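Colleague: Could we go through this model together? I should like to begin with the helices and then turn to the sheets.

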Amino acid sequence: MHENTAIAHPNIAFIKYWGNRDNDLRLPSNGSISMSLGALETRTTVTLESNLTSDELVLDGSSQSGVALERVSTFLDIIRSASGKHKFAHIVSENSFPQSAGIASSASAFAALALAASRAFDLDLTERELSILARRGSGSAARSIPAGFAEWHMGSSSDDSFAEAIAPPDHWPLWDCIALVEDQPKKVGSTQGHQLAGTSPLQSARLQDATRRLDLCREAILKKDFAKLADVIELDSNMMHAVMLTSQPPLMYWSPLSIEIMRQVTIWRAGGLEAAYTLDAGPNVHIICTAEARQSVSDRLSEIQGVMDVIISPVGGGVFLTTR
Ligand code: PMV
């Protein structure tokens with residue numbers, strides 16, 4: 001028996017990835033920048049067993065079949081083909097955060113699986129190769145391989161579309177305060193959503209301006225300039241949601257409460273609190289803030305009627321192997 005366990009954190013994008021230029025290879029239409037969320041994790045164990053006749057997946061204690069298992073099996077096929085070993089795997093994966101919390105787990109899931117499975121198949125991949133591999137499972141998983149603040153380069157082919165750290169976790173002690181607004185799984189998943197991005201007349205304008213936003217965001221992180229970071233984070237989130245809202249069919253991920261929280265955050269910032277909002281493909285609002293603002297942000301969020309919970313996370317590390 002050959003057992004390998006890896007732990008990875010989800011990440012929150014400051015500059016979002018929305019739309020692929022190659023859906024199969026998950027080659028993005030634009031580069032993106034994110035922060036690792038150290039308080040949350042996915043722990044995945046991969047065991048190769050010679051008596052198995054197909055892959056098996058147990059997710060948060062329940063055995064999976066259908067689409068979830070197929071997605072993982074297709075991902076393992078890439079590793080099987082690279083290693084030349086055609087064995088099936090038993091995979092046990094657990095999230096430290098409830099799936100019902102509506103926090104995307106595919107980034108940490110495929111980052112942990114990329115490391116645990118590549119080791120199980122005796123592949124010794126570099127960080128860059130792991131990021132490329134994780135990307136094939138879920139685009140944002142490429143950014144859950146490096147530690148701290150990561151940039152995923154769109155690249156010119158599969159071999160140079162990977163994420164790397166632009167600053168380590170201790171560079172800037174930012175926090176993500178996640179306001180849980182809904183606990184239902186998202187109506188349209190991101191794999192499907194990416195395929196609709198090109199149907200929006202706003203996507204080309206969003207892509208044309210991407211390098212400028214990436215530069216602004218990278219510079220704000222390196223200089224620890226919160227005011228500049230706040231502006232570009234909110235602009236980028238709004239631009240992605242503008243594309244979602246204007247695609248065919250339109251995707252509306254915001255709920256009335258999401259909008260109310262966004263409005264409040266801009267008022268708080270105008271009053272001097274270092275906080276900025278960003279939303280992924282769902283109604284929960286991520287409030288990125290400085291260490292000084294964290295307590296106040298989380299208290300204020302808890303007071304807003306309808307907010308079900310507030311999860312807070314500091315900047316986290318990269319994927320790693322573990323024996324526990
Ligand atoms: O990795 P995916 O296919 O789940 O796409 C992630 C898409 C967003 O979360 C909306 C944006 C991002 O860059 O993380």
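**Helix packing, sheets and domains**

Modeller: This is a predicted model. Helix α2 (residues 106-120) and helix α3 (residues 127-137) have axes that come within 8 Å and cross at roughly 120°.

Colleague: How are α2 and α3 oriented to each other, then?

Modeller: Angles over 145 degrees count as roughly antiparallel and 65 to 115 as roughly perpendicular. At roughly 120°, α2 and α3 are therefore oblique to each other. The crossing in which α2 passes α3 is right-handed.

Colleague: Which residues make the contact?

Modeller: On the α2 side they are Phe110, Ala111, Ala114, Leu115 and Ser118, and on the α3 side Leu130, Leu133, Ala134 and Gly137. Seven of the residues in this contact are nonpolar and two are polar, with no charged ones.

Colleague: Now α7 and α8. At what angle do they pack?

Modeller: Helix α7 (residues 226-245) packs with α8 at an angle of about 160°, and their axes are 13 Å apart. The two helices are therefore roughly antiparallel to each other.

Colleague: Is that crossing left-handed or right-handed?

Modeller: α7 passes α8 in a left-handed crossing. From α7, the residues Phe226, Ala230, Asp231, Glu234 and Asn238 meet Met262, Val265, Thr266 and Arg269 of α8. This contact of α7 with α8 comprises four nonpolar, two polar and three charged residues.

Colleague: Let us change to the sheets. What is the strand order in the sheet that contains β13?

Modeller: The order is β13-β14-β12-β15, an open sheet of four strands with antiparallel pairing. β13 (275-278) and β15 (309-314) are the edge strands, each pairing on one side only. From one strand to the next, the twist averages 25°.

Colleague: How many bridges join β13 and β14?

Modeller: β13 and strand β14 (residues 285-289) pair over four bridges, in the antiparallel sense. Within that pairing, Thr278 has His286 in β14 as its bridge partner.

Colleague: Which strands of this sheet does α8 touch?

Modeller: Helix α8 (residues 256-270) packs on the sheet and touches β12 (175-180), β13 and β14. The direction of α8 makes about 155° with that of β13.

Colleague: And where does α9 lie?

Modeller: Helix α9 (residues 294-303) lies across β12, β13, β14 and β15. Relative to β12, α9 runs at about 5°.

Colleague: What about the sheet with β2 in it; what is its order?

Modeller: That is an open sheet of four strands, ordered β2-β5-β10-β11, with antiparallel pairing. Its edge strands, β2 (11-15) and β11 (163-167), each pair on one side only. On average, neighbouring strands there are turned by 35° against each other, direction ignored.

Colleague: How many bridges are there between β5 and β10?

Modeller: Strand β5 (residues 32-36) and strand β10 (residues 149-152) are paired over four bridges in the antiparallel sense. Met35 stands opposite Phe149 in β10.

Colleague: One last topic, the domains. Where are the bounds?

Modeller: The domain assignment of the protein chain gives domain 1 as 2-170 and domain 2 as 171-314. The C-alpha centres of domain 1 and domain 2 lie 23 Å apart.

Colleague: How many residues are in contact between domain 1 and domain 2?

Modeller: Domain 1 has 35 residues in contact with 48 residues of domain 2.

Methods. Residues numbered from 1 in each chain as written. Predicted model: local features only at pLDDT ≥ 70, side-chain atom pairs only at ≥ 80, totals over all residues. Heavy atoms only, no water. Axes fitted to C-alpha atoms, helices over the stretch in contact; angles between N-to-C directions. Parallel < 35°, antiparallel > 145°, perpendicular 65-115°, else oblique. Left-handed = near helix turned anticlockwise from the far one by under 90°. Contact = heavy atoms within 4.5 Å. Nonpolar A, V, L, I, M, F, W, Y, C, P; charged D, E, K, R; others polar. Pairing = 2+ DSSP bridges. Domains from an automatic or database assignment.
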